[in-house]
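Me: Got a minute to go through this one with me? I'd like to start with the ligand surroundings and then hop around.
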Amino acid sequence: MEKPFAITLSVNSSLANHTGSWRVEKPEYVHRMPPCNNACPAGENIQNWLYIAEDGSYEAAWRALILENPFPAIMGRVCYHPCQSVCNRAELDEAVGINSVERFLGDHAIEKGWSIPPPTVESGFKVLVIGAGPAGLSAAYHLRSMGHSVTVRDATHAPGGMMRYGIPKYRLPREVLDAEINRIKDMGVQFEMNTRVDDVHEALNEGFSAVFLAIGAQLSKRAYIPASEAARILDAIKVLHDVEEGNQPLLGRKVVVYGGGNTAMDVARTAKRLGAEEAIIVYRRTRDKAPANDEEITEALEEGILVKWLSTVKHVDEKSMQIEKMALDADGYPQPTGEFETLEADSLILALGQEVDFSLLGNSADIDTKDGVMPVDSTMMTTHPGIFAGGDMIPAERTVTTGVGHGKKAARNIDAWLRKTVYEKIDNNDLVTYEQLNTWYYTDAPHIVRERLEATRRAKDFSEVVKGLDESNALYEARRCMSCGNCFECDNCFGVCPDNAIIKLGPGKGFEINLDYCKGCGICVSECPSSSIMMVPDK
Amino acid sequence: MSAAPIKFYQVGSFAIGNRLLSPEDRSIQSDPERTNALTSGHRACQGCGEALGARYALDAAMRATDDKIIAVNATGCLEVFSTPYPESSWRIAWLHSLFGNAPAVATGVAAALKAQGKSDIRVIGQGGDGATVDIGFGALSGMFERNDDVLYICYDNEAYMNTGVQRSGATPPAARTATTQAVGENPGNVFGQGKNLPRIAMAHEIPYVATATVADLRDLEAKVIKAMSFRGARYIHVLVPCPLGWGSESCDTIKIARLATQSGLFPVFEAESGEVTSSTPIRHRVKVEEYLKLQIRYSHLFSPNRRDDVIDLLQATADKNISRYNLIPDESGSI
Ligand SMILES: Cc1cc2nc3c(=O)[nH]c(=O)nc-3n(C[C@H](O)[C@H](O)[C@H](O)COP(=O)(O)OP(=O)(O)OC[C@H]3O[C@@H](n4cnc5c(N)ncnc54)[C@H](O)[C@@H]3O)c2cc1C
Ligand SMILES: Cc1ncc(C[n+]2csc(CCOP(=O)(O)OP(=O)(O)O)c2C)c(N)n1
Ligand code: SF4
Ligand code: SF4
Ligand code: SF4
Ligand SMILES: [Mg+2]
């Protein structure tokens with residue numbers, strides 16, 4: 001350049017000076033694992049569908065959600081949302097109401113009648129799913145999406161498993177359940193209801209290339225309780241099942257429920273709705289030790305259910321029963337105290353947990369069971385090649401969402417097994433912590449508590465207890481998500497670079513680092529709210 | 001469905017852009033077509049706050065004037081790193097004369113434009129804190145007094161950085177510089193000296209005076225645009241952390257500016273005709289210590305012995321700012 005000193009210099013001439021050579025580290029855009037996604041038993045990409053919903057693209061958000069889980073409206077009502085328990089936003093103000101947005105999307109989809117298209121290519125493989133609970137239905141949905149011909153066989157009248165015959169309709173209205181299951185039917189999944197499978201091997205011989213077992217845990221656990229002949233002792237699962245079938249069980253005026261799980265809460269609340277004046281839960285241990293979800297305990301208490309913690313049922317008579325008080329020993333285990341109390345009661349409902357009924361394995365028991373459940377390998381396959389299992393019958397947490405996750409995982413592995421390939425899950429263990437976020441940029445916006453029907457009013461009938469969000473609330477809630485570990489295009493990096501070394505590629509396309517000029521200062525990384533850029537060694 | 005009818009936006013609301021906002025409501029810096037008054041290839045240090053502040057301010061001035069600006073730059077880092085012969089990073093009409101005369105040269109440019117009837121072309125004077133509060137101070141005061149039609153922007157990095165971190169009239173008390181070493185009983189810069197130029201500018205009762213930092217881009221942009229809506233002398237004082245001179249991590253430049261505001265040490269406000277008209281409230285108040293401890297120029301306050309006496313004096317300065325500029329509305333002001 002021929003320029004006299006101290007005279008006009010050409011515009012843009014400094015672009016010849018590639019300051020990128022100063023750098024020892026460089027920024028890199030990454031996709032990291034948000035804690036919510038990591039905690040979802042169904043493996044939902046929560047951050048992703050919230051991001052899509054944030055600008056009102058509800059259908060696209062719903063479609064992204066159902067790639068992992070076909071039941072957002074159900075989830076939004078019965079899932080215990082472990083995602084929210086780990087949401088990073090909780091440390092800023094309150095966790096994002098993921099579950100309520102999920103429900104909004106699910107309900108919105110039902111309202112709009114969005115459907116899931118059948119697969120475009122048929123694989124030619126036939127797969128049998130035994131059990132139409134959440135695990136079986138989720139497997140059927142995913143297998144069908146992959147082009148397989150799927151038959152679901154179930155012993156009951158209507159599909160849903162415990163979602164229909166366990167969870168009462170004041171928590172999960174049947175129109176919602178039916179709507180989400182019907183979508184799976186409409187994809188071409190065959191349902192054979194009222195068909196109990198007595199021998200799984202026989203089924204394999206019908207021409208199915210693989211079987212997914214998802215029979216749940218249908219047998220109620222028993223406890224030996226001395227009782228007079230006239231004592232009325234019922235089983236919680238049977239009571240709930242009867243109510244669903246329209247058969248009103250005879251419970252009497254005062255009902256005692258024995259157990260501390262969700263079934264105990266649901267059956268006590270159901271008893272009240274059926275007209276019992278008093279429903280009392282008797283449980284051996286303390287509230288914090290009770291397996292029931294705490295929200296459900298709260299809702300039960302709000303409805304006037306009484307609970308006797310640290311108590312056992314000793315003897316049952318026709319109109320009363322004897323309760324023994326327990327006390328915690330040094331190790332925190334309940335021990336009998338010898339102190340008794342008489343409770344007036346017309347019936348006792350046992351809700352002591354469920355066991356798996358393995359009778360369908362037939363005589364040739366070449367599928368291993370252990371401790372009352374069926375172990376599976378990392379591909380969800382049992383010890384019998386081609387027979388996979390999931391849901392309540394395998395060793396895992398017993399929730400609807402876990403079952404849905406099992407169904408998805410099994411479907412992906414069954415598909416691989418059928419095609420003689422291996423399903424490789426891409427593990428992303430790069431979990432985003434709260435400290436890694438730059439929360440300065442997020443507004444303080446507390447989460448909207450879902451309106452609940454007045455506790456006293458709701459206990460009188462089976463109408464739904466927890467209300468959903470309306471559109472503006474749902475949008476507000478979705479927009480509280482901090483997008484942990486994934487760029488949400490806030491333009492901070494693009495704006496804060498002192499060297500203009502970031503190229504904005506346009507909506508949805510993200511950004512690129514111009515390494516000719518990036519000096520590696522790291523400001524873009526520090527100021528990224530969502531921890532979606534990292535410094536990595538260069539050269 | 002578009003985001004248009006929704007009155008709130010939330011995800012990253014304080015960020016530079018926000019896809020939930022309509023493009024015209026986003027910051028100028030979020031625009032991929034922004035003018036980049038100061039472009040790549042300049043030789044500022046990694047993480048330079050001054051380079052960032054200058055681009056923020058001048059891009060906003062260009063937006064406000066349809067790109068019709070002329071900038072007069074005092075000697076200093078900004079001038080040196082942007083125009084190492086034979087290269088220039090400026091994409092605006094820009095000129096440099098001396099360390100001490102930028103306000104006077106800017107006055108002259110404004111007078112020349114007026115004589116030519118080119119009232120649409122606007123003049124910006126700019127320089128570091130040394131150029132502004134010390135050597136160019138007389139010229140600047142004259143420019144204010146005559147109410148010349150110039151927006152003067154001071155990029156305050158609190159010392160003479162270009163010549164090796166010497167103390168200026170804007171260096172804060174207790175800070176270590178090459179000429180205020182961390183030795184003796186009262187290490188670092190002395191208390192009770194120095195000049196508060198925004199207040200001095202206000203005393204001239206010029207149309208507009210504002211302070212800003214690189215930590216709040218939207219605020220800075222709004223102030224530059226507002227300044228361009230006035231004729232006459234205007235002054236904006238921008239805090240621009242300097243990783244080299246302050247001994248901070250290059251990645252912390254914006255964070256440090258943010259802590260300066262959130263501690264109350266650097267009050268962000270605007271004034272018209274000598275009266276404060278608004279101040280930016282503190283959102284998440286921090287103790288001054290949070291700000292100080294990220295900078296080696298204050299490390300003698302923490303080791304070998306912790307100097308609570310000095311830290312308390314700095315805290316008192318911050319507290320005074322908080323009450324003086326009402327930085328925490330509806331609160332008494334103590335942590
Ligand atoms: C009262 C109650 C409330 C609950 N509340 C919640 C809740 O709020 N949230 C939550 O996440 N979880 C809840 N759970 C747990 C949850 O319902 C179960 O974990 C889940 O339904 C298990 O799914 P699954 O598919 O493994 O089995 P299931 O849902 O039990 O379904 C198994 C299906 O297999 C069928 N079947 C069994 N044997 C055969 C056979 N031999 N041939 C043909 N069909 C067969 C059954 O008829 C049934 O339809 C609740 C459970 C109960 C009992
Ligand atoms: C009359 C005169 N004295 C001294 C210098 C040397 N000099 C050049 S830049 C500078 C310091 C600039 O400090 P400041 O204005 O704060 O800007 P910074 O470099 O910190 O951005 C000095 C002392 C000079 N160029 N001219
Ligand atoms: S803020 Fe959003 S991405 Fe982060 S954990 Fe919560 S829901 Fe997930
Ligand atoms: S802010 Fe710019 S120069 Fe600094 S690391 Fe990021 S891209 Fe590179
Ligand atoms: S700063 Fe904003 S735009 Fe840049 S990567 Fe992070 S989230 Fe995306
Ligand atoms: Mg300086």
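**Ligand shells, metal site and a helix**

Reply: Around ligand 4, the shell residues divide into seven nonpolar, two polar and two charged. Here Ala, Val, Leu, Ile, Met, Phe, Trp, Tyr, Cys and Pro count as nonpolar, Asp, Glu, Lys and Arg as charged, and the others, Gly among them, as polar. This is a predicted model, where local features need pLDDT of at least 70 and side-chain atom pairs count only at pLDDT 80 or more, while totals for chains, interfaces and linings use all residues. Residues are numbered from 1 along each chain as its sequence is written, chains are lettered from A and ligands numbered from 1 in the order in which they are written, and side-chain values use heavy atoms, with hydrogens and water left out.

Me: Which residues are around ligand 4?
Reply: Among them are A:C497, A:C518, A:C521 and A:C524, along with A:P27 and A:K519. A residue is near a molecule if one of its heavy atoms lies within 4 Å of it.

Me: And ligand 5, which residues come nearest?
Reply: A:C487, A:C490, A:D491, A:C493 and A:C528, out of 13 residues around ligand 5. That shell has nine nonpolar, two polar and two charged residues.

Me: Switching to the magnesium ion (ligand 6), what are its protein donors?
Reply: B:D129 (OD), B:N157 (OD1) and B:A159 (O), at 2.0 to 2.1 Å from the ion. Donors are N, O and S atoms within 2.8 Å of the metal (3.2 Å for Na, K and Ca), and water is not among the atoms, so sites may look incomplete. Along the chain the spacing reads D-x27-N-x1-A.

Me: Is B:N157 buried or exposed?
Reply: Buried, at 5% relative accessible area. B:A159 is buried too, at 3%. The cut-offs are under 20% for buried, over 50% for exposed and partly exposed in between (1.4 Å probe, protein chains only).

Me: What about helix α1 of chain B, how far apart are its end C-alpha atoms?
Reply: They are 24 Å apart, which agrees with the 24 Å expected for 17 residues (49-65) at 1.5 Å a residue. The expected span is 1.5 Å times one less than the number of residues. Helices (H or I, at least four residues) and strands (E, at least two) are DSSP runs, numbered from the N terminus.

Me: How many of its residues are buried?
Reply: 15 of the 17, so α1(B) is mostly covered. B:D66 follows α1(B), with a positive phi near 60°.

Me: Last one: where does A:K319 lie?
Reply: In the loop between β11 (311-316) and β12 (320-328) of chain A. A:K319 counts as exposed, at 53% relative accessibility.
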